[in-house]
Amino acid sequence: MSNVTFTKEDFSIFEIPTLEDRMQAIREQIQPKFRKFGELLKEGLINEMDEDELFVHVAQHLRRTKNPPNDTWMAVSCNKRGYKMAPHFQLGLYGDHVFIWLAYIDNPKFEKEMAQGLLENIELFETIPEDFVISLDHHTTKVTPIKELDIEKGLTRFRDVKKGEFLIGRQLMANDPILKNPVETQLYILDTFKSLLPLYKQSFQSIPIEY
């Protein structure tokens, strides 16, 4: 474990008004933390994921030319070239919270097969703790507690709607006392991802070829 966590200074970056200044602060202050978290998460997950290697991808926001980003993130993926084409573990910040996701976004390959596999093994969701939440659109901050969502309906939408997405995980509000303790923060994030490994593994079992 290292001493890395997120502080109020990290969240305050999203109050910086201009794209250039906010991106400079993200690059200098948050991205080094993402890289540290990435290495810790790779080490903590690799043996349980049956992967030969995991890769850390840090969002660069290169397409932005005017409006500063409202959030920023990193991803741990089995794919060296990128992360959106496959299920991946995502850690990121908005101005008021940390998000910790297993994410299926932006039309990943074999999304229909993966969604169907999860539907056929929906009992896997019974093992997920009740404090987890689900999002059906990564562009918004709206989430639904897992115990309040019709998971079958959400997965069916992910399977059948072209822009359908599915994200499951936890959030930590910026004022959560866990964030004051780096070790507790790191263990909380790692525990969240480990709880989601059955869903991750089922997704890859559902695709017709090796990724």
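1. Which element gives the largest share of the lining of the largest cavity? Strand β4 does, with three residues. Bear in mind throughout that this is a predicted model.

2. Start with the enclosed space. The structure holds one cavity of 30 Å³ or more. Its volume is about 120 Å³. The lining is made up of 15 residues. Closest to the cavity centre are Tyr94, Phe99, Trp101, His138 and Thr140. Two elements each give two or more residues to this lining: β4 (97-104) and β7 (166-173).

3. Next, the character of that cavity wall. Seven of the lining residues are nonpolar and seven are polar. One charged residue completes the lining.

4. Now the open space. The largest pocket holds about 550 Å³. A total of 16 residues line the pocket. Nearest the pocket centre are His61, Trp73, Tyr83, Lys84 and His138. Note His138: this residue is among those nearest the pocket centre, and it is also among those closest to the centre of the largest cavity.

5. What classes of residue line the largest pocket? Six are nonpolar, five are polar and five are charged. Set beside this, the cavity lining has one charged residue.

6. Turn to helix packing. Two packed helices are described by the angle between their axes and the distance between the axes. Helix α2 (residues 19-49) packs with helix α5 (residues 182-195) at an angle of about 40 degrees. Their axes lie 10 Å apart. Angles under 35 degrees would count as roughly parallel, so α2 and α5 are classed as oblique to each other. Their crossing is right-handed.

7. Which residues bring α2 and α5 together? From α2 come Phe37, Leu40, Leu41, Gly44, Leu45 and Glu48. From α5 come Thr185, Gln186, Ile189, Leu190, Phe193 and Lys194. By class, this contact divides into seven nonpolar, three polar and two charged residues.

8. A second helix pair deserves a look. The axes of α3 (residues 111-120) and α6 (residues 197-205) come within 8 Å. They cross at roughly 125 degrees. Roughly perpendicular ends at 115 degrees and roughly antiparallel needs over 145, so α3 and α6 are oblique to each other. The crossing of α3 past α6 is right-handed.

9. Where do α3 and α6 touch? On the α3 side, the contact is made by Met114, Gly117 and Leu118. On the α6 side, Leu199, Gln202 and Ser203 take part. The contact has three nonpolar and three polar residues, and no charged ones. The contact of α2 with α5, by its own count, includes two charged residues.

Terms used: Residues numbered from 1 in each chain as written. Predicted model: local features only at pLDDT ≥ 70, side-chain atom pairs only at ≥ 80, totals over all residues. Heavy atoms only, no water. 1 Å grid on protein atoms, 1.4 Å probe; cavity = no way out; pocket = protein on both sides within 12 Å on 5 of 7 lines; lining within 4 Å. Points joined across faces, edges and corners; volume = space filled by probe spheres on them. Helix = DSSP H or I, 4+ residues; strand = E, 2+ residues; numbered from the N terminus. Nonpolar A, V, L, I, M, F, W, Y, C, P; charged D, E, K, R; others polar. Axes fitted to C-alpha atoms, helices over the stretch in contact; angles between N-to-C directions. Parallel < 35°, antiparallel > 145°, perpendicular 65-115°, else oblique. Left-handed = near helix turned anticlockwise from the far one by under 90°. Contact = heavy atoms within 4.5 Å.
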